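Me: I'd like to learn how to read a structure like this one, feature by feature. Can we put it on screen and go through it together?

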Amino acid sequence: MRRAGALRAGVSPYNSRSPKRPMKDILVLYYSRHGATRDLALAIANGIDSVPGMQARIRTVPSVSGVCEAIEPDIPSDGPPYAELRDLDECVGLALGSPTRFGNMAASLKYFLDGTTPLWLSGALAGKPACVFTSTGSLHGGQESTLLSMMLPLLHHGMLIVGIPYTETALSTTQTGGTPYGASHVARHERAPEGLSADEKALAAALGARLAHTAAALVAGSA
Ligand SMILES: Cc1cc2nc3c(=O)[nH]c(=O)nc-3n(C[C@H](O)[C@H](O)[C@H](O)COP(=O)(O)O)c2cc1C
């Protein structure tokens, strides 16, 4: 409720720095049922915030339900606000995250993306940089298939996909998550109480920073 009050007052705790302009926002948009993908989102946001002039705008999406009468409130009781199309339009980049569901993104995030046709028609996202991230229960449970398939709608929107290069040394040594296709976390079947491993956290922050640097260069180039 405290957050809902802050939102009504126009001050979002999920714009991770002060709302002073001329900061440019990068949208960190994710779905998370149990918190593992949210942990990755926060690590990516730290990387974005490390880049001068850039700040993360963190948003989530509601769960979809087979019960059509079930309507979630406009503002979630905790966590970041639900994303609106204008968040995608206003931000200069996008980090998109989902838990892996049968080797693919969660329906709740796909449902939100399926509602972005007006932005596709206007080309609002064409030329903006984007990256993807996921959390799985098991080590070989489909991180790469999820990450690669999450890129497909972003490519249809004309977004420029940013991955993690092997110059990030943790990518060669990680025993947990972290892929060249995007940031990832192996949560095992219960969300690990310690959260992200050091490598997962470092690679997620590196991806966030790379996305923000790319967005800054593109904004400067078009000014
Ligand atoms: C319906 C369903 C399907 C899932 N499919 C997979 C899967 O294909 N591979 C896997 O490793 N984990 C799978 N999981 C486990 C989740 O990906 C994992 O628990 C993830 O960390 C949850 O993220 P969250 O805490 O952000 O909700 C599945 C979970 C559910 C509920």
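Me: Let's begin with strand pairing. Which residue in S3 stands opposite Leu 29?

Reply: Keep in mind that this is a predicted model. To read a pairing, pick a residue in one strand and look across to its partner. Here Leu 96 in S3 is the one opposite Leu 29. S1 and S3 are parallel, with four bridges between them.

Me: Which strand does S1 join through seven bridges, and do they run parallel or antiparallel?

Reply: That's S2, and the two run parallel. In this pairing Val 28 sits opposite Ile 58 of S2. To get from S1 to S2 the chain passes through H2, giving a right-handed β-α-β crossover.

Me: Leu 29 pairs towards S3 and Val 28 towards S2. What should I know about where side chains point?

Reply: As a general idea, side chains in a regular strand alternate between the two faces of the sheet.

Me: Why is S1 described as largely enclosed?

Reply: Count the buried residues along the strand. In S1, six of seven are buried, so the rest of the structure largely encloses this strand.

Me: Now the core. Which residues have the most contacts inside the largest nonpolar core?

Reply: Ile 26, Val 28 and Ile 44, in a core of 51 residues. Among the elements giving it two or more residues are S1 (24-30), H2 (36-49) and S2 (54-60). H8 provides the largest share, nine residues. For a close-up, take Val 28: its contacts beyond four places in sequence include Ala 41, Ile 44 and Ala 45, plus Ala 56, Ile 58 and Ala 95.

Me: Let me try a residue in H8. Is Ala 209 buried or partly exposed?

Reply: Count C-beta neighbours inside 10 Å: Ala 209 has 18, so it counts as partly exposed. Then check its long-range partners. Leaving out residues up to four places away, Ala 209 touches Gly 47, Ile 48, Ser 50 and Val 51. Val 51 is 158 residues away in sequence, yet the C-alpha to C-alpha distance is 6.2 Å.

Me: Last one: the ligand. How many residues surround it, and which are the closest?

Reply: Start with the shell, then sort it by residue type and by element. There are 20 residues around the ligand, the closest being His 34, Thr 37, Pro 99, Thr 136 and Gly 141. H2 and S4 are the elements giving two or more residues to that shell, and H2 gives the most, three. By type, the shell has twelve polar, four nonpolar and four charged residues.

How values were computed. Residues are numbered from 1 along each chain as its sequence is written. This is a predicted model: local features need pLDDT of at least 70, side-chain atom pairs count only at pLDDT 80 or more; totals for chains, interfaces and linings use all residues. A nonpolar core is a set of buried Ala, Val, Leu, Ile, Met, Phe, Trp, Tyr and Cys residues joined through C-beta atoms within 7 Å. A residue is buried if 20 or more other C-beta atoms lie within 10 Å of its own, exposed if 12 or fewer, and partly exposed in between; C-beta atoms are placed from the backbone. Two residues are in contact if their C-beta atoms, placed from the backbone, lie within 7 Å. A residue is near a molecule or strand if its C-beta atom, placed from the backbone, lies within 6 Å of it. Ala, Val, Leu, Ile, Met, Phe, Trp, Tyr, Cys and Pro count as nonpolar, Asp, Glu, Lys and Arg as charged, and the others, Gly among them, as polar. Two strands pair if DSSP finds at least two bridges between them. A crossover is right-handed if, with the strands pointing away from the viewer, the path from the first strand over the helix to the second runs clockwise.
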